[in-house]
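Got your viewer open and a selection box ready? Load the model below, and we'll walk through it one stop at a time.

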Amino acid sequence: AGPGSFTHFVTTSLSSVQALSAQITDSNRTSVVDVLRLDHSATSTLGAGAGIGAGLLFSAQNVATTSTSTAQIASFLTDISTTRPASALTFSTKNSSTGLTERLRIDSAGNVGIGTSSPNWTLSVASSTPYFSLTDTDAPTNRKHWLLSAIDGLFRIGTSSDALSATSTVLTINQNGFVGVGTSSPTEMLSVSGRLYVGGTGTS
């Protein structure tokens, strides 16, 4: 054990009092010190296998006054070899009575997956109806949200009401590369529904 001490170790219902805290004071001024270490070793004669790891489990009391898990942060080895070890970090939350569901993963390459446990790119997002939102909090009423989505093979750019109850598609690109402005069903390289203005000055 390194230098340090537990300053509190109590059980209390008062949220203003820390249940557990740890503090290390040393001469280190410019780097991170591990204040808490979680370790998991296997007692099996077969040794550890891929997937062995450790986690932090969060729980809270439900309406039935029983404790239920609410979230987990876990890290585990995806490759247990000593020559090419690899690990992942996951974040899970609860949305049903069946248990926790993984929501986000950072793999050994640094790729981040949201809704997928196999991110292939720097950021991979997977869902049956994936949306990205960009919100300007001080914009006028019903002009705060712009949305990016990929649904049924169509990439869409659109807007949403402040209450997120109504969306409107502004631009659509289909799997053939056809672009639609004002239409979600482009039939040519550029399909425009509505009036089109082209203007400018210059010489040819």
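What follows is a short tour, from the whole chain down to single residues.

**Before you click**

This is a predicted model, so to speak of ground rules: local features need pLDDT of at least 70 and side-chain atom pairs count only at pLDDT 80 or more, while totals for chains, interfaces and linings use all residues. Residues are numbered from 1 along each chain as its sequence is written, and side-chain values use heavy atoms, with hydrogens and water left out.

**Stop 1: the whole chain**

Switch to cartoon view. You'll find 0 helices and 14 strands (DSSP runs numbered from the N terminus: H or I of at least four residues for helices, E of at least two for strands). Of the 204 residues in the chain, 16% are buried. Here buried means under 20% relative accessible area, exposed means over 50%, and partly exposed is in between, using a 1.4 Å probe and protein chains only.

Turn on the surface next. The accessible surface comes to about 15,500 Å², and 54% of that belongs to carbon and sulfur atoms; the areas come from the Shrake-Rupley method with a 1.4 Å probe, and for residues only the protein chains shown count as cover. As for contacts (heavy atoms within 4.5 Å), residues 24 or more positions apart account for 8% of those with a separation of 6 or more.

**Stop 2: color by confidence**

Color by pLDDT, the predictor's confidence in each residue, from 0 to 100. The chain averages 89, and 89% of the residues score at least 70. Where is confidence lowest, and where is it highest? The low end is strand β1 (residues 5–9), with a mean of 47, and the high end is strand β7 (residues 112–114), at 98.

Now select residues 1–12. pLDDT stays under 50 there, and the model has 20 contacts beyond four places in sequence for this stretch. Where pLDDT is low, the predicted coordinates should not be read in detail.

**Stop 3: strands β5, β6 and β7**

Select residues 86–96, which is strand β5, and add strand β6, residues 99–106. The two pair in the antiparallel sense over 7 bridges (strands pair if DSSP finds at least two bridges between them). They form a hairpin with 2 residues between them.

Add β7 to the selection. β6 and β7 also run antiparallel, joined by 3 bridges, and I106 has V112 in β7 as its bridge partner. This hairpin has 5 residues between the strands, and G110 takes a positive phi near 90° in it.

**Stop 4: two neighbors in β5**

Show the side chain of T90, in strand β5. Is T90 buried or exposed? T90 is buried, with a relative accessible area of 4%. Leaving out residues up to four places away in sequence, T90 touches Q72, I73, A74, F76, E102, L104 and R105.

Then click F91, also placed in β5. F91 stands opposite L104 in β6 and is partly exposed, at a relative accessible area of 32%. F91 helps make a nonpolar surface patch of about 600 Å², together with V35, L36, L38, L56, F58 and I73. Patches are made of residues with over 30% relative accessible area and no salt bridge; like charges are joined within 9 Å, and nonpolar side chains (Val, Leu, Ile, Met, Phe, Trp, Tyr) within 5 Å.

**Stop 5: salt bridges**

How many salt bridges does a search of the whole structure find? It finds 4, each a side-chain nitrogen of Lys or Arg within 4 Å of a carboxyl oxygen of Asp or Glu. Here are some to select:

- R105 and E102 meet at 2.8 Å, N to O. R105 is buried at 13% relative accessibility, whereas E102 is partly exposed at 29%.
- D79 and R84 have their closest N and O atoms 3.2 Å apart. R84 is exposed, at 57%.
- R37 and D39 meet at 3.4 Å, N to O. R37 is exposed at 70%, and D39 is exposed at 56%.

**Last stop: a loop**

Select A163, in the loop between β11 (154–160) and β12 (167–173). A163 is exposed, with a relative accessible area of 64%. Add N142 and draw a C-alpha to C-alpha distance: A163 and N142 are 8.0 Å apart in space and 21 residues apart in sequence.
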